[in-house]
Structures are given as C-alpha cells and as structure tokens.
Amino acid sequence: MSDASPVLATDARRVAVMTVLTVLAGAVDSVSFLTMGKVFCALATGNVLFLSFALAGEGDVSVARPATAIGAFMVGAAVADVVLKRLADRGGPWFVAGLVCEAVLLVCAGALALAEHGTGAVPADDDRGVVALVALAMGVRASTALRVHVPGMPTLLSQTAIAELINDVLRRPRAALRGMTAKQRLARTRWTATVGGIFTGGVLGTLLLVPLGTGRALLVIAAAVLLLAVVGMVARPGGAEPAESG
C-alpha cells in the first residue's frame, strides 16, 4: 500500500483538529492561571502539585482551588466517558457531542464570571464555581480526546510529546521530513504540533484573552470550540465520526 493512503489523509485531518484543540487548551490554562488564581484547569498535573504544596503549607497556594479543579476534572472525564461510549455504541455523533458539551460548560463558566465579577479577573480567594466549571469542561475534553486517540496528541499536556520528539530526532538525526515515510512524517508532526500547540495557546491566551478578563476570555474559547464542532459536523464524510483506535 502506498504511504499516501486515504487513511493517512484522514489521520492528517485528525491531527489538524487536535492541534486546534491543543492550542485552545493552552489558552484555557493561560486564562485560568493568570486570571483565576494559581490554578490549571486543563493541566491536571499542575493542580496535583499545587495541592501537594498547599497541604505541605508552602507556595502560597490554597487547598480549595486545586482540589476543586482536580475533583471537577475527574467528574467531567468520568461522566463524559460513560455518555460518549453510549453514543458511540449507538452510532451517535459522540465527537461533536463532546465538543458541544465542553463549549456549553465554558459558556456557563464565562457567564458566571461576568455575572459575579464583571469584566475583570476572578479573585483568587473567591468563587470556585468558575474553576469547577472550566475544569469540568477540560475533563470532558480529556475523555473526548482519549476516545479519538490520536497518538501523542492528548490536547491537554505536552510532556510525552516532547520526549517522543526528542527520541525520534536522536534515532534519525539526519532525517528531514522529506526523507521519511508518510507515517514517520505524521508521527513527528503530531509531536511537534502538540508541543507547539500548547505553547502557541499559552502565548495567544496571555496576549489576546487575558486582557479581556476571565468571563469574556472563556466565552471566546467556547465560541472557538463550538465553531470547531460545527466544522467537524459539516466536513465529515457521510456524517461519520472519527474512528476509535483500539
């Protein structure tokens, strides 16, 4: 079979979608950390560390905020896993449903932030409801991305992708993208897109979204997720959902 197969073309489209979601995750974490008081709503590892610092009485971090984020993330991931699996088993639009659910939760978080704090930031010692809603949305995202299962593209973290990319470059230091097979190029593209996507999202979130304030920034991210869901629904051939990898 040729390397330029239709399956790989589909994989390339999947990589493009997951790259956009990765950028948006970076934006979510820039907004949450910089405007919601030292908490990561997408990067669960960061919250585990913050919670450990707080329990140890160091780092000027409260116990409540990272604990809220971790708990909400877990609930979102668990509920989404059950619901998306049932939709998938029935042949329903599970991928679009996951994105829409994420966007709705982000809209709720943005509306709550605007209602309670106006166009500014969420006070670090107040309103864990916004943190919980955003973390719920990111838990849903985690289960949606896991079900799509594009290797090296969980959309929420980049550590594994960095290690995979470094190992690949060390194994093939002289191999440029043109000197690889299509599968090798796609793999390196996935890892690069994950690392670059998180970084790009963080930069864009900091420069463009953080100045808007928590509420408006979350609404912008929610609109981007909804737009991606609409594009995905229109673009997929015959209404087919992304295939699940075993």
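The following paragraphs describe a helix pair and one buried residue in a predicted model.

Two packed helices are described by the angle between their axes and the distance between the axes. Helix α4 spans residues 94-117 and helix α5 spans residues 128-148; the two pack at an angle of about 170°, and their axes lie 8 Å apart. Because angles over 145 degrees count as roughly antiparallel, α4 and α5 are roughly antiparallel to each other. The crossing of α4 past α5 is left-handed. On the α4 side, the residues that make the contact include W94, F95, L105, L106 and L112, while α5 contributes, among others, V130, L133, L136, M138 and V140. Sorted by class, this contact comprises 17 nonpolar, 3 polar and 3 charged residues. E102 of α4 and R141 and R147 of α5 are among the participants.

Helix α5 itself contains 21 residues and extends 30 Å from its first C-alpha to its last, close to the 30 Å expected at 1.5 Å a residue. Of these 21 residues, 16 are buried, so α5 is largely enclosed by the rest of the structure. Just after α5, H149 adopts a positive phi of about 55°.

Further along the chain, helix α6 covers residues 159-171 and includes D168. Is this aspartate, D168, buried or exposed? Residues under 20% relative accessible area are classed as buried, and D168, at 1% relative accessibility, therefore counts as buried. Leaving aside residues up to four places away in sequence, D168 touches M180, R188 and W191. The C-alpha atoms of D168 and A187 are separated by 9.2 Å, with the two residues 19 apart along the chain.

Conventions: Residues are numbered from 1 along each chain as its sequence is written. This is a predicted model: local features need pLDDT of at least 70, side-chain atom pairs count only at pLDDT 80 or more; totals for chains, interfaces and linings use all residues. Side-chain values use heavy atoms; hydrogens and water are left out. Axes are lines fitted to C-alpha atoms, for helices over the stretch in contact, and angles run from 0 to 180 degrees between N-to-C directions. Helices (H or I, at least four residues) and strands (E, at least two) are DSSP runs, numbered from the N terminus. Angles under 35 degrees count as roughly parallel, over 145 as roughly antiparallel, 65 to 115 as roughly perpendicular and the rest as oblique. A crossing is left-handed if the near helix is turned anticlockwise from the far one by less than a right angle, and right-handed if clockwise. Contact means heavy atoms within 4.5 Å. Ala, Val, Leu, Ile, Met, Phe, Trp, Tyr, Cys and Pro count as nonpolar, Asp, Glu, Lys and Arg as charged, and the others, Gly among them, as polar. The expected span of a helix is 1.5 Å times one less than its number of residues. Buried means under 20% relative accessible area, exposed over 50%, partly exposed in between (1.4 Å probe, protein chains only).
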